[in-house]
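Subject: Structure handover

Hello,

Please find the structure below, with my notes after it. Let me know if anything in the notes is unclear.

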Amino acid sequence: MIPFFNMKAEHEPLAADLRSAFDRVLNSGHVIMGGELTRFEEEFAAYCGAKHCIGVGNGLDALALALRARGVGPGDEVIVPSQTFIASWLAVSMVGATPVPCEIDPATYTLDVANIRALIGPRTVAIMPVHLFGLPAEMGAIMALAEQHGLFVLEDAAQAHGAKCDGKRTGSLGHAAGFSFYPTKNLGALGDGGAVVTNDDALAEGIRKLRNYGSSVKYVHEVAGVNSRLDELQAAILRVKLPHLDKSNAQRRYAAAIYSHGLAGIDGLQIPHIPANLEHVFHLYVIKLKQRDALQAYLQERGIVTLVHYPIAPHAQGAYQMMNIARDSLPLAQSMADECLSLPMWPQINDADVNVVIGHIRDFMGRI
Ligand SMILES: *Cc1c(COP(=O)(O)O)cnc(C)c1O
């Protein structure tokens, strides 16, 4: 049996440090908005190569609060990838703006810059590139286009902590970035968590206020904010895990390289493509093939767990029925929903397990 993800393998070597982080918080008597959060915010901002980090309750809130602090709201349009985890779209909906889907690049699965231009209209205020599966979008070209049109660029970096574009880390590439610390993400807490990273002083201050009931001075509320904070316990846990992030990303890349070596050159099977200026952190290792469902069943019968990210594209979800986007109007998003398959991936997955998966996929592809 090969699971899809193994969280125990990640936490076992850190168990003693995680317990002492818990004790530190327990003994401090401070559980919300204390020193652990402040220090994590400093450490994560420095890691990303940006000025500010603001811890919030989860990744969805990180994206929504960044949009709201920037003044994005009803009547505004935000360009989003046609295929992504639905939270990218939901963040736009949460502030009352409209997500405008842009077809992705079929090789990298991130925003195709060539398709963005045609979608920019009088209501467009922002672009949200998603660094899907751990591969950064082509941020150089996106930022250049955004600058021409005066648009705000918010990275959805929920799957790409530590990934690089042109030598710079996610979080330092756009005007702001939203991160998730959901437990299975590359940097995960032991519960929900998220953060916004930005170089923009005013935006950072706005988000700090919004996340805490719209207040920067106790019981003085300048705006109608929300309660979305990263608690001390999660911040302390993230501080234990952050120093190991580069190593665990390298381990993911190592496993991915074995997959890609073993799966290269099979007719009808697309493996991840990594442009030379980008560094992938393989939140997910995703292949694409027409016989996806049959392969998934074949692997399942042999004890190998795979998942589909994501089986229904956002525009085809009930949540976006009111937008009346024809199902076949976004063929790339649809083909990803129909043909993508995520293979077992976690930092400590060993060569033998990866090779077992490769062997079964090669056998399957040889039969069809
Ligand atoms: C996980 C994820 C989010 C949302 O993060 P949560 O912490 O689960 O709210 C947003 N966008 C993408 C691409 C994600 O993978």
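The notes cover the ligand site and then one loop residue.

This is a predicted model, in which local features need pLDDT of at least 70 and side-chain atom pairs count only at pLDDT 80 or more, while totals for chains, interfaces and linings use all residues. Residues are numbered from 1 along each chain as its sequence is written, and side-chain values use heavy atoms, with hydrogens and water left out.

Ligand site. The shell around the ligand has 13 residues (a heavy atom within 4 Å), and the closest are G59, D156, Q159, S180 and K185. By class, five are nonpolar, six polar and two charged (Gly counts as polar; Asp, Glu, Lys and Arg as charged). Helices α4 (59-69) and α5 (87-94) each supply at least two of the shell residues (helices are DSSP runs of H or I, at least four residues; strands are runs of E, at least two).

Three polar contacts (N or O pairs within 3.5 Å) involve oxygen atoms of the ligand:
- G59, through a backbone N or O atom, at 2.8 Å
- L60, through a polar backbone atom, at 2.9 Å
- Q159, through a polar side-chain atom, at 2.8 Å

On its own the ligand has 380 Å² of accessible area (Shrake-Rupley, 1.4 Å probe), of which the protein covers 91%.

Loop residue. L289 lies in the loop between β13 (285-288) and α11 (292-301). L289 counts as buried because its relative accessibility is 1% (buried means under 20%, with a 1.4 Å probe and protein chains only). From L289 to V220 the C-alpha distance is 56 Å, with their positions 69 residues apart in sequence.

Regards

Technical notes
Polar contact = N/O pair within 3.5 Å; in protein donor to acceptor, adjacent residues only side chain to side chain. Buried < 20%, exposed > 50% of the residue type's maximum accessible area, 1.4 Å probe, protein only.
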